[in-house]
Every structure is written in structure tokens, then in C-alpha cells.
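Hi everyone, thanks for coming. I'd like to walk you through one model today, so let's put it up on the screen.

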Amino acid sequence: MKFLASGKVKDIYDLEDGNLLFLFSDRVSAYDVKFKEEIPKKGEILCKFAEFWFKELNIPNHFVKTESKTGIIVKKMNMIPIECVVRGYFYGSLVSRWKCGDVNLPDDANTELAAKLPEPIFDPTTKSTHDVVIDKKQAIELNLVTNEEFNWLSNTSIQIYKNMASIADSAGFILADLKLEFGKLDDKILLGDSIGPDEYRLWPKDSYSIGKIQESYDKQLLRDWLTNNGYQKKFDDDRANGKEPVPPKIPDFLIKKMSERYIIAYERFAKSV
């Protein structure tokens with residue numbers, strides 16, 4: 001077993017048999033900043049969610065088996081260098097980008113905070129330290145994908161989002177948006193990486209209300225705390241001045257709340273199918 005990389009959340013090992021081992025940790029990051037504090041049980045829940053979604057979604061993927069409480073084995077692939085983001089609600093970075101005129105929405109779109117979009121939109125980004133939103137033309141010009149591949153990724157990502165949103169609805173949640181990754185194996189495109197609360201925004205249906213910040217059962221809790229306390233701006237200012245952002249200490253109450261919500265979310269999904 002050969003160590004390959006340690007990412008924001010998981011450690012990756014090459015099993016040297018055509019497969020990889022993903023070990024999920026309790027680490028957490030937000031706004032591309034890694035924090036020293038860990039979220040208890042997070043790695044275990046991410047592992048459970050990865051297995052859950054790979055088995056529930058009717059699409060070829062690289063999942064092989066669950067290895068342990070925090071580890072899964074997957075097929076090794078050549079990953080496609082874009083992150084396939086699907087947005088179903090007017091929220092997050094979509095709001096500021098729309099206000100700046102950097103993104104167009106359908107004429108009938110409701111632009112109140114957290115309003116549902118008429119149809120989910122494909123909103124991909126590059127895969128880098130700081131992801132950059134790209135459109136179809138840019139993705140093709142940068143040789144990241146072909147025209148045919150971009151269309152397939154767009155259509156498939158939106159269909160996966162709709163399927164996941166339906167399952168989330170049965171579990172009592174709204175799936176606001178989603179990030180997916182794909183790779184190639186034997187000239188076939190497969191769903192890859194993993195899917196869990198670090199890859200989507202999840203809101204409880206019973207407290208959902210247009211025009212306000214939503215309750216979240218994902219790491220948006222941490223993002224909101226950082227924004228409200230001025231840390232997001234500080235991170236941006238530090239980067240603009242060539243400095244590496246320094247993470248603040250995550251309060252104990254927030255760590256406890258995040259851990260509880262990760263666990264509750266998985267339990268509700270597991271019971272819904």
C-alpha cells in the first residue's frame with residue numbers, strides 16, 4: 001500500500017492492484033482553509049454516505065467495497081479535471097456572482113435568497129487550490145474536456161442531482177446544490193471521488209423559508225460562522241496580500257453541533273430507503 005496524498009478531508013493510498021483506498025478523517029476545511037480542530041464522527045459519517053450514494057445512484061461508479069468504518073476501496077481512474085457543480089437554489093456564491101453580473105439566470109428565476117430555481121443549473125469549476133468557475137467554451141478551450149464530454153457531464157450531473165434531491169426529500173431534507181467528480185476507466189466515464197455533506201448543502205424541509213439564511217446539515221454551519229465573524233473577508237484579504245490565511249479556533253459549541261447534524265442527517269437518509 002503506497003501513500004499518495006492527504007487532502008482536505010481524506011487520505012489516499014494506492015493498493016497497487018488497480019484500486020485505491022480512501023480513508024476519511026475528521027478534518028474540516030472551509031473557504032479553502034484547513035482547520036486544526038476536528039469534527040468527531042465526521043470521517044465515519046462521510047464513509048457511510050459515500051457507500052450509501054454509490055449504491056443508491058443508478059450510474060456506473062468506481063466504488064468497490066467498504067473496507068472499514070472510515071475507509072472505502074475504489075477503482076483507480078484518470079479523473080476529469082473539472083468539478084461538476086449543480087445548483088438547484090439561489091444561494092451561496094451564485095448570489096454574489098449574479099449581483100456582479102457574472103452569471104445569467106432564466107428570466108423567470110426568483111432571486112430571493114434560497115428560492116428554488118426554475119430548473120437546476122450546471123455550474124462547473126476548475127479543480128485547483130482555489131476553484132474557478134468556468135463555462136463550456138472555457139472548459140473546451142483549456143482542453144479539460146471535449147464538447148461531447150461537457151454535454152454528457154452536464155446532463156448526467158443534473159440527472160444525479162434530481163435523483164439525490166428526491167431521496168433527500170424522502171428523508172426530510174432539501175438538497176440545495178451538489179458537487180460531483182467523474183473519471184475515465186477503459187474509455188468509460190464513471191462517477192468518482194465520494195459524495196457526502198462536504199459535497200452538498202442540505203437543509204431541513206420543516207424550517208425552510210425563502211429570504212433567509214437556511215439551517216444546514218453540512219459544513220455550511222462553519223462557513224456561516226466564519227462569514228458572520230469576519231474571517232471570510234480576512235482570508236480573502238490575506239490572499240490578496242500574498243499571505244496564507246491563518247484559521248481561527250472553531251468554538252466547542254460549533255464542533256458539537258456539526259458532529260450531531262452529520263450523524264442525524266445520515267440516520268434520516270438510512271431510514272428513508
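Let's begin with strands E3, residues 19-24, and E7, residues 71-75: they run antiparallel and are joined by five bridges. If you'd like a pair to look for, find Leu21, whose bridge partner in E7 is Ile73. Please keep in mind that this is a predicted model.

Now zoom out to the sheet around that pair. What is the order of its five strands? Reading across, the order is E1-E2-E3-E7-E6, in an open sheet with antiparallel pairing. E1 (2-6) and E6 (63-68) are at the edges with a single partner strand each, so each of them has one side without a neighbour in the sheet. On average, neighbouring strands here are turned by 25 degrees against each other, if we ignore direction. Packing on this sheet is helix H1, residues 42-56, which touches E3, E6 and E7. The direction of H1 makes about 150 degrees with that of E6.

Let's move along the chain to a pair of helices. H5 covers residues 220-228 and H7 covers residues 252-272, and they pack with their axes 10 Å apart, at an angle of about 155 degrees. Angles over 145 count as roughly antiparallel, and H5 and H7 are therefore roughly antiparallel to each other.

Which residues make the contact? From H5 we have Leu221, Leu222 and Trp225, and H7 brings Phe253, Leu254, Lys257, Met258 and Arg261. Sorted by character, the residues of this contact are six nonpolar and two charged, with no polar ones.

That's my tour, and I'm happy to take questions!

Note on methods
Residues are numbered from 1 along each chain as its sequence is written. This is a predicted model: local features need pLDDT of at least 70, side-chain atom pairs count only at pLDDT 80 or more; totals for chains, interfaces and linings use all residues. Side-chain values use heavy atoms; hydrogens and water are left out. Axes are lines fitted to C-alpha atoms, for helices over the stretch in contact, and angles run from 0 to 180 degrees between N-to-C directions. Helices (H or I, at least four residues) and strands (E, at least two) are DSSP runs, numbered from the N terminus. Angles under 35 degrees count as roughly parallel, over 145 as roughly antiparallel, 65 to 115 as roughly perpendicular and the rest as oblique. Contact means heavy atoms within 4.5 Å. Ala, Val, Leu, Ile, Met, Phe, Trp, Tyr, Cys and Pro count as nonpolar, Asp, Glu, Lys and Arg as charged, and the others, Gly among them, as polar. Two strands pair if DSSP finds at least two bridges between them.
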